[in-house]
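Student: I would like to take a close look at one part of this structure and go through it slowly. Could you guide me through that part in one connected answer?

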Amino acid sequence: MTFKDVETQPYPDQKPGTSGLRKQVAVFQQLHYLENFIQSIFDSAGEISGKTLVMGGDGRYFNEEAIQQAIKMAAANGFAKVVVGQNGLLSTPAVSQLIRHRGAFGGLIFSASHNPGGPNGDFGVKYNIGNGGPAPEKITERVFARSQVIERFQIVQAPDVALDALGTHDVAGMVVEVIDPVADYADLMEKLFDFEAIRELFKSGFTMRFDAMHAVNGPYAEKILEGMLGAPAGSVVNKVPLPDFGGHHPDPNLVHAKALFELMMSGDAPDFGVATDGDGDRNLIIGRGVFVTPSDSLAILAANAHLAPGYGQGIAGIARSMPTSAAADRVAEGLGVACYEVPTGWKFFANLLDAGKISICGEESAGTGSDHVREKDGLWAVLLWLNILAKRKQSVAELVAEHWATYGRNYYTRHDYEDVETEVANRLVEVLRANLPELKGQSFGKRRISQADDFSYTDPEDGSVAAHQGLRIIFEDCARIVVRLSGTGTVGATIRLYVERYEPPEGNLAMETQEALADLLIIAEELAGIKAATGRNAPNVIT
Ligand code: VG1
Ligand code: CO
């Protein structure tokens, strides 16, 4: 067995975005591209010798190759142990849970989340730290700086590990433990939720469809829902993880989970329809005939979390990402707990969770989670929904209607303009940012702008500042327009436009969303000019 110090040179584009480093597979396949980034992480992580590292991915093309390399590099860099999911599979929340449960130093997640996979799709690497959460910006900045000056990486020459065989293996003196990816995670879920109540719900004839989108959550959903909770066989569909996700985007939205949406709106709809993404951290919730926006889902889960044993004592506080609707804020107010607004990306929640300031948090992009791990967790959200439905003995539609009748409704939409020329997108944001100071006080019909700024966040725990997190235009009645650029796309730029307005309980709660927001969408175009600048007449995705 030989330890090798391999000479290399930096790649200039290894800047981690919202969620780690995400690039097209062909980019990752360049000579030493992957190795450079992993070595940069190891070089920036602090004392790693003798520590344990968790590794797993969503099964996409290049997953196993990347893991084999990372294992050999971990051995050469002095780790004592690597814990890896069988066949290289682990969902993002499962990695987070394992890091915490095993007291590991951190973990590597190989995934590009909801981005397409396969040789022509995307790949990604994310580094999580000892609390189980994504590395904070001060670490990812160190990793990037290191990647720009890297000259060598370390790797052992050893045969590949048989990742299909459970048990321990030896790689140049380092232990590699191949584990069942589902077991520990399932144990935790059983502690958090009232499995007996959910079993009774299924026994009473409740039906559901879980679309695993040929991504990592298939085995988790099959074991927990069908195996442990007695959901009818066949409830979980597209359950075998495939390297190209069956040719689809594993993105649980109304475009890419269209089949599920159509089923749920049809006469054959089961009671409950859900989908999760590539790495299992996002969730889409649809009741029979009713789509639940992720922002509403966060609010409804927070309002009812006490019905699950894991949250029986009540919740400490709620946090949402800035572009997420303020529906959760109203619940926090109702419960008398604090509500925090943080930038997009899960890493900002982790400090609040660690400090015990919040118990539940979420994003408009279909991510919800709690203090049980330090990542968003798709299957957790599904189980909490089931627990709540079992306890309240209501349909999704009834539950949503009652929520709006209590708290009012935040009409909410996100419009994505994908693959826009980077310069066009950057210029658009620059121009709007420059115009913000003049917008305050301006009126558009009945609406008057009360605040216009570029969102900046100071972390209440460590004082770190994240600036330029999205342009906000807020009206006197709390309606909002937000514009920001995506940090997870891999081709060109993606412009996201978020629009919201509040309708009180006594108002009209039954409007079609785009109609309810029509006047704000016109104002948004007047102010930001996205259609004019991009030459598009419609967004690629509306959620
Ligand atoms: C998107 C979402 C954001 C989410 C991020 C990672 O980021 O908007 O809410 O945290 O993806 O999610 P952006 O920068 O493209 O808007 V995942 O499921 O890709 O780990
Ligand atoms: Co994801």
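Student: Where does ligand 1 sit?

Tutor: Before we begin, please keep in mind that this is a predicted model. Ligand 1 sits in the largest cavity, and that is the place to start.

Around ligand 1 there are 20 residues, and those that come nearest are Thr18, Ser113, Ser365, Thr488 and Arg496. If you sort the residues of this shell by character, you find ten polar ones, ten charged ones and no nonpolar ones. Several side chains offer an N or O atom to an oxygen atom of the ligand, and it helps to take them one by one. For Ser113, an N or O atom of the side chain is 2.5 Å from an oxygen atom of ligand 1. For Asp277, the corresponding distance from a side-chain N or O atom to an oxygen atom of the ligand is 3.2 Å, and for the side chain of Ser19 it is 3.3 Å.

Two of these residues, Ser113 and Asp277, also bring us to the metal, for the cobalt ion, which is ligand 2, is coordinated by Ser113 through OG and by Asp277, Asp279 and Asp281 through OD, at distances of 2.0 to 2.2 Å. Read along the chain, these donors follow the spacing S-x163-D-x1-D-x1-D. Ser113 lies in the loop between strand S5 (106-110) and strand S6 (122-128), while Asp277 lies in the loop between strand S12 (272-276) and strand S13 (283-287), so the pair ties together parts that are 164 residues apart in sequence. Both of these donors are hidden from the surface: Ser113 is buried, with a relative accessible area of 3%, and Asp277 is buried as well, with a value of 0%.

Strand S6, which borders the loop of Ser113, deserves a further moment of attention, since Asn128 is found in this strand. Asn128 counts as buried because its relative accessibility is 0%, and the cut-off for buried is under 20%. A polar atom of the Asn128 side chain lies 3.0 Å from the backbone oxygen of Gly132.

From the metal site we can also look outwards, using one of its donors, Asp279, as a reference point. Ser49 and Asp279 are 230 residues apart along the chain, and their C-alpha atoms are separated by 28 Å. Ser49 is placed in the loop between helix H2 (33-44) and strand S3 (52-57), and with a relative accessibility of 44% Ser49 counts as partly exposed, whereas the metal donor Ser113 is buried.

Strand S3 leads us to one last detail, which concerns the backbone. Most residues other than glycine have a negative phi. Phe62, however, is not a glycine and has a positive phi of about 90 degrees. Phe62 has its place in the loop between S3 and helix H3 (63-76), and with a relative accessible area of 9% Phe62 is buried. A positive phi is also found at Phe245, another residue that is not a glycine, where the value is near 55 degrees. Phe245 belongs to the loop between strand S11 (236-237) and helix H9 (258-265), and at 1% relative accessibility Phe245 counts as buried.

Note on methods
Residues numbered from 1 in each chain as written. Chains lettered and ligands numbered in written order. Predicted model: local features only at pLDDT ≥ 70, side-chain atom pairs only at ≥ 80, totals over all residues. Heavy atoms only, no water. Near = heavy atom within 4 Å. Polar contact = N/O pair within 3.5 Å; in protein donor to acceptor, adjacent residues only side chain to side chain. 1 Å grid on protein atoms, 1.4 Å probe; cavity = no way out; pocket = protein on both sides within 12 Å on 5 of 7 lines; lining within 4 Å. Sits in = over half its atoms within 2 Å of the grid points. Nonpolar A, V, L, I, M, F, W, Y, C, P; charged D, E, K, R; others polar. Donors = N, O, S within 2.8 Å, 3.2 Å for Na, K, Ca; no water. Helix = DSSP H or I, 4+ residues; strand = E, 2+ residues; numbered from the N terminus. Buried < 20%, exposed > 50% of the residue type's maximum accessible area, 1.4 Å probe, protein only.
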